[in-house]
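Reader: I'm in my first year and would like a close look at one part of this model. Could you walk me through a pocket and the strands that go with it?

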Amino acid sequence: MSKIKIKNSKQKIADILLKIGCVNVNFKNKFTLTSGKKSPVYVDCRKLISFPKEREIVINEMTKLIKSKYKKKVIVAGGETAGIPYSSFISHKLKMPMVYIRKQPKGFGKGKLIEGEYKKKSTSILIEDMATDGGSKLHFINSLRKNTLSVKDIYVVFFYNIYPVAKKNLNKMKVNLNYLASWHDILEVSPNYISKKDQLKLEQYISSIENGK
């Protein structure tokens, strides 16, 4: 079987995520998700922080994406907890200020949701590791806006991009979701990593989610 060649940057990121084990596919022993549901796929972008070479490629790609839209200084905001290391890498690379957003106030001191220094009405961007249907970003977006920071863009390494409700959630928040790879990119290169049988099952599973089944 001939190896599938990488044709673009999204496939390059998808290939990295598969290679280091961020994307897990197992139809025999399904994974238990946070919701309690069983799934044959599990994506763990937190694992990427332990691989310096691959991580650097990902950070460089995200940096390019941000610089193509933002020419001036912005506040790089990371969501607790997975977004914090990525926002740290990105802010360092861009030489821009960083803050992070708590899921809830710590219960003592000033009781702040946003940690770090920033000026009122500054422009910010939200950095996260991944997004499924986008709904979990609502708290972070609202927290930034309640603290007078404007935000129009979310940047993630991986976006499922298969749930019909995602567009509705993003429109409700009035933000753009920018991503480096999605399930569609994974499907393009996954034959290099999984069997033909599992590839077919994966394609069918992704299609069923997209069609709301």
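Author: Happily! To sort residues, Ala, Val, Leu, Ile, Met, Phe, Trp, Tyr, Cys and Pro count as nonpolar, Asp, Glu, Lys and Arg as charged, and the others, Gly among them, as polar. This is a predicted model, where local features need pLDDT of at least 70, side-chain atom pairs count only at pLDDT 80 or more, and totals for chains, interfaces and linings use all residues. Residues are numbered from 1 along each chain as its sequence is written, and side-chain values use heavy atoms, without hydrogens or water.

Look at the second largest pocket (an open set of points on a 1 Å grid where a 1.4 Å probe fits, with protein on both sides within 12 Å along at least five of seven lines; lining residues have an atom within 4 Å of a point). Its lining holds Lys73, Val74, Ile75, Pro97, Glu117, Tyr118, Lys119, Ser122 and Thr123. Of these residues, four are nonpolar, two polar and three charged.

Two lining residues lead us on: Ile75 belongs to strand E5 (75-79) and Thr123 to strand E8 (123-131). Strands here are DSSP runs of E, at least two residues long, numbered from the N terminus. E5 and E8 pair in the parallel sense over four bridges; pairing needs at least two bridges found by DSSP. Follow Gly78 across to E8, and you meet its bridge partner, Ile127.

Both strands belong to an open sheet of six, ordered E7-E6-E5-E8-E9-E10 with mixed pairing. E7 (114-115) and E10 (176-182) stand at the edges with a single partner strand each, so one side of each has no neighbour in the sheet.
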